[in-house]
Amino acid sequence: MAKFVFGLQNVLDIKEKIEAQARQDFANAAGLLEEQKRILAGLYERKEQLIAEGQELVQGKLDFREIDENRLAKEYIDRKIEDQIINVNKAEANVERARRKMSEAMAEKKTYERLRDKAFEEYLIEENRAESKVVDELTSYTYGQKTKA
């Protein structure tokens, strides 16, 4: 029995590597998205602290410099939050782009795997045909030898 050789095995190997890279890119993009979300959550937490501090400042002895610093800090945090929301949106877009690329790579690899499986099935059918032919020839030869004797 001859060994099965898939003619497009090199292409399939490349497709598998592309898929593995796409999976890694997706994982990296998802990790960056989580990091950006964590930063945004930290900014919201800091804003809540500043709001609480601002409320305490206006309830106690009025120190206008501290109240003004608190107001400026809240404005700064608001700008940082806006910037971070943009970063999160970009990270989400990158994750979606990586997901599409990974899906495409998986589909291409599956196509070549199906081609390989079909080629292997055809190979098995051909091998069975060849084996049947050999058995038929042996049977014919054996039958012919018995009739001569």
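R100 counts as partly exposed in this predicted model, with 46% relative accessibility. Its partner in a salt bridge is E96, and the closest N and O atoms of the two lie 3.9 Å apart. That only just makes the cut, because a salt bridge needs a side-chain nitrogen of Lys or Arg within 4 Å of a carboxyl oxygen of Asp or Glu. E96 is partly exposed as well, at 35% relative accessibility. Both residues sit in helix 2, and because they are four residues apart there, about one helical turn separates them.

Pairs like this one rest on a simple idea: side chains of opposite charge can pair when their charged atoms come close. A search through the whole structure turns up 14 salt bridges. One of the pairs joins K47 to D78, with the closest N and O atoms 2.9 Å apart. Here the two partners come from separate helices: K47 belongs to helix 1 (residues 9-59) and D78 to helix 2 (residues 64-148), so the bridge ties together parts of the chain that are 31 residues apart in sequence. As for cover, K47 is partly exposed at 24% relative accessibility, and D78 is partly exposed too, at 29%.

What about pairs that are tucked away? E113 and K109 form a salt bridge whose closest N and O atoms are 3.5 Å apart. Like E96 and R100, which are four residues apart in helix 2, E113 and K109 are four residues apart in that helix, so about one helical turn lies between them. The surroundings are another matter. E113 has 17% relative accessibility and K109 has 16%, so both count as buried, the limit being under 20%.

The bridge between E113 and K109 also belongs to something with more members: E19, R23, K109 and E113 are linked in a network of salt bridges. E19 brings helix 1 into the picture, since that is where E19 is placed. E19 is buried, with a relative accessible area of just 6%. Setting aside neighbours within four places in sequence, E19 is in contact with A105, M106 and K109. Since helix 2 covers residues 64-148, those three contacts of E19 place a residue of helix 1 against helix 2.

Two further residues help to fill in the picture. E53 is another residue of helix 1, and at 36% relative accessibility E53 counts as partly exposed. Once residues up to four places away in sequence are left out, E53 touches R46 and N70. How far is E53 from I39 in space? Their C-alpha atoms are 21 Å apart, with the two positions 14 residues apart in sequence.

L8 tells the opposite kind of story. This residue is found in the segment before helix 1 and, at 36% relative accessibility, is partly exposed. L8 and Y112 are 104 residues apart in sequence, yet their C-alpha atoms are 7.8 Å apart in space. The contacts of L8, leaving aside neighbours within four places in sequence, are with Y112 and L115.

Stepping back, what is the chain built from? It has two helices and zero strands. Where do its contacts come from? Among contacts with a separation of 6 or more, 87% involve residues 24 or more positions apart. The pairing of L8 with Y112, 104 residues apart in sequence, is one of the cases with a long gap.

The overall dimensions are also worth a look. A compact globule of 149 residues would have a radius of gyration near 15 Å, but this chain has 35 Å. Along the principal axes, the C-alpha atoms fill a box of roughly 125 × 20 × 15 Å. Of the 149 residues, 18% count as buried, and E19, K109 and E113 are among them.

The accessible surface of the chain comes to about 11400 Å², and carbon and sulfur atoms account for 54% of that area. As for charge, the chain carries 28 positive and 31 negative charges, and the mean positions of the two sets are 4 Å apart.

Key: Residues numbered from 1 in each chain as written. Predicted model: local features only at pLDDT ≥ 70, side-chain atom pairs only at ≥ 80, totals over all residues. Heavy atoms only, no water. Buried < 20%, exposed > 50% of the residue type's maximum accessible area, 1.4 Å probe, protein only. Rg over C-alpha atoms; globule rule 2.2 N^0.38 Å. Contact = heavy atoms within 4.5 Å. Areas by Shrake-Rupley, 256 points an atom, 1.4 Å probe, with all protein chains shown as cover. Lys, Arg positive; Asp, Glu negative; His and termini not counted. Charge placed at Lys NZ, Arg CZ, Asp CG, Glu CD.
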